[in-house]
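Dear colleague,

Please find below the structure that I am handing over to you. My notes on its salt bridges and surface follow after it.

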Amino acid sequence: GGIIPRFSEVGKAFPSSKEFHTLRVQPPAGNHYSTAMLRQLADSWEKWGSGLVTFHGQTGNIMFIGSSTENTQHLFDEINDYGWDLGGAGPCVRTAMSCIGAARCEMSCTNELKAHRLLVNNFTDDVHRPALPYKFKFKISGCANDCQNAIERSDFAVIGTWRDDMKVDQDEVRRYVAEKGRQYYIDNVITRCPTQALSLNDDDTLAVDNRDCVRCMHCLNVMPKALHPGDDRGVTILVGGKRTLKIGDLMGTVIVPFKKLDTEEDYASLVELAETIIDFWAENGLEHERCGEMIERIGLANFLEGIGIEPDPNMLNHPRQSSYVRMDGWDQAAEAWFERQAEAAG
């Protein structure tokens, strides 16, 4: 894995184009580079390849484009000696991606870089040795802004969130209103809340109905000095996102509505969940079938049963479009859910 072979059909006429292989190399978590790292990589690539490099894209890899069959091994040996490893290519666990997160972003709700490293380190063998039905991607974003496109582009998306009240600095709210006027914030914040959870009081303070807030991040992005995530932070885990293939684009489906990532045990259980999902998909997925496509084929209920997770009302793929819905077994399912909530709380 990690080498994409390219052979030219006009190699006899143009010998220099005969072989032009691409090497995928895993970037550091959060894409943190020093200039020394970049110079080291560039020098090695000038030595063993074409010098043409593209960074990241949706694959997450550093793409070294244009090497001969002989030189691919030399390049890998050299960069591996000073700490770099090949990324994923083919039907395997692909290179993970994470946002820069808490290193620079005040909206970060989790330790993205630690989650990234633990997942990559655990699945290194599955990155290097393609043995799955098709590709499987991890992406980690620190908040619902989802700068990594995790929900749309990854089979296992980890999204930072919070479950207590949003933090509001009312003095900063007043400063915002004083600067641009009430109407500006009514038009650009209040009326754009998807659940109408916000209102602007007569004294230019902000009222928030936190029970209706869906953490969409819009108001926090417009008024970052005044609004911040709450203190009870964790992650939401979604499974099955992907771009077009067999059945078109899919967004990730919520599998774990909220999970704390504070202790080593929390992180271990995150890796264990990923292992369970990959094992179930590897056993039940068809050839060239992404995890989300398998879920569409067998049904979410069967998938949840297969990975040992109880259904939850928060496991939304998209809001229903019809006001008519069957309620068979609703009372029993609701009662079981409330019992699980009470057991977890007490």
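**Surface patches and salt bridges**

Glu 275 belongs to helix 9, which covers residues 264-284. The model is a predicted one, and what follows should be read with that in mind. With a relative accessible area of 31%, Glu 275 is partly exposed. Together with Glu 272, Asp 279 and Glu 283, Glu 275 forms a negative surface patch.

A second patch is nonpolar. Val 325, Met 327 and Trp 330 make up this surface patch, which has an area of about 330 Å². Val 325 sits in the loop that runs between helix 11 (300-307) and helix 12 (330-345). Its relative accessibility is 43%, so Val 325 counts as partly exposed.

I turn now to the salt bridges. Side chains of opposite charge can pair when their charged atoms come close. In this model the count comes to 15 salt bridges. Three of them are described here.

Arg 182 and Asp 204 meet through their side chains in a salt bridge, with an N to O distance of 2.7 Å. This pair links distant parts of the chain, 22 residues apart: Arg 182 is in helix 7 (residues 182-190), while Asp 204 is in the loop between strand 9 (198-200) and strand 10 (206-208). Arg 182 is partly exposed at 31% relative accessibility, and Asp 204 is also partly exposed, at 21%.

The side chains of Arg 340 and Glu 310 form a further salt bridge, at 3.6 Å from N to O. Arg 340 lies in helix 12 and Glu 310 in the loop between helix 11 and helix 12, so this salt bridge ties together parts that are 30 residues apart in sequence. Arg 340 has a relative accessible area of 27% and is partly exposed; Glu 310, at 47%, counts as partly exposed as well.

Lys 260 and Asp 262 are likewise joined by a side-chain salt bridge, of 3.5 Å from N to O. Lys 260 is partly exposed, with a relative accessible area of 25%, whereas Asp 262 counts as exposed at 54%. Both residues are part of a network of salt bridges that also includes Arg 163 and Asp 232.

Finally, a note on Gln 73, which is located in helix 2 (residues 69-81). Gln 73 counts as partly exposed, at 45% relative accessibility. Its C-alpha atom is separated by 23 Å from that of Ala 36, and the two residues are 37 residues apart along the chain.

With kind regards

Conventions: Residues numbered from 1 in each chain as written. Predicted model: local features only at pLDDT ≥ 70, side-chain atom pairs only at ≥ 80, totals over all residues. Heavy atoms only, no water. Patch = residues over 30% accessible without salt bridge, like charges linked within 9 Å, V, L, I, M, F, W, Y side chains within 5 Å. Areas by Shrake-Rupley, 256 points an atom, 1.4 Å probe, with all protein chains shown as cover. Salt bridge = Lys/Arg side-chain N within 4 Å of Asp/Glu carboxyl O. Lys, Arg positive; Asp, Glu negative; His and termini not counted. Charge placed at Lys NZ, Arg CZ, Asp CG, Glu CD. Helix = DSSP H or I, 4+ residues; strand = E, 2+ residues; numbered from the N terminus. Buried < 20%, exposed > 50% of the residue type's maximum accessible area, 1.4 Å probe, protein only.
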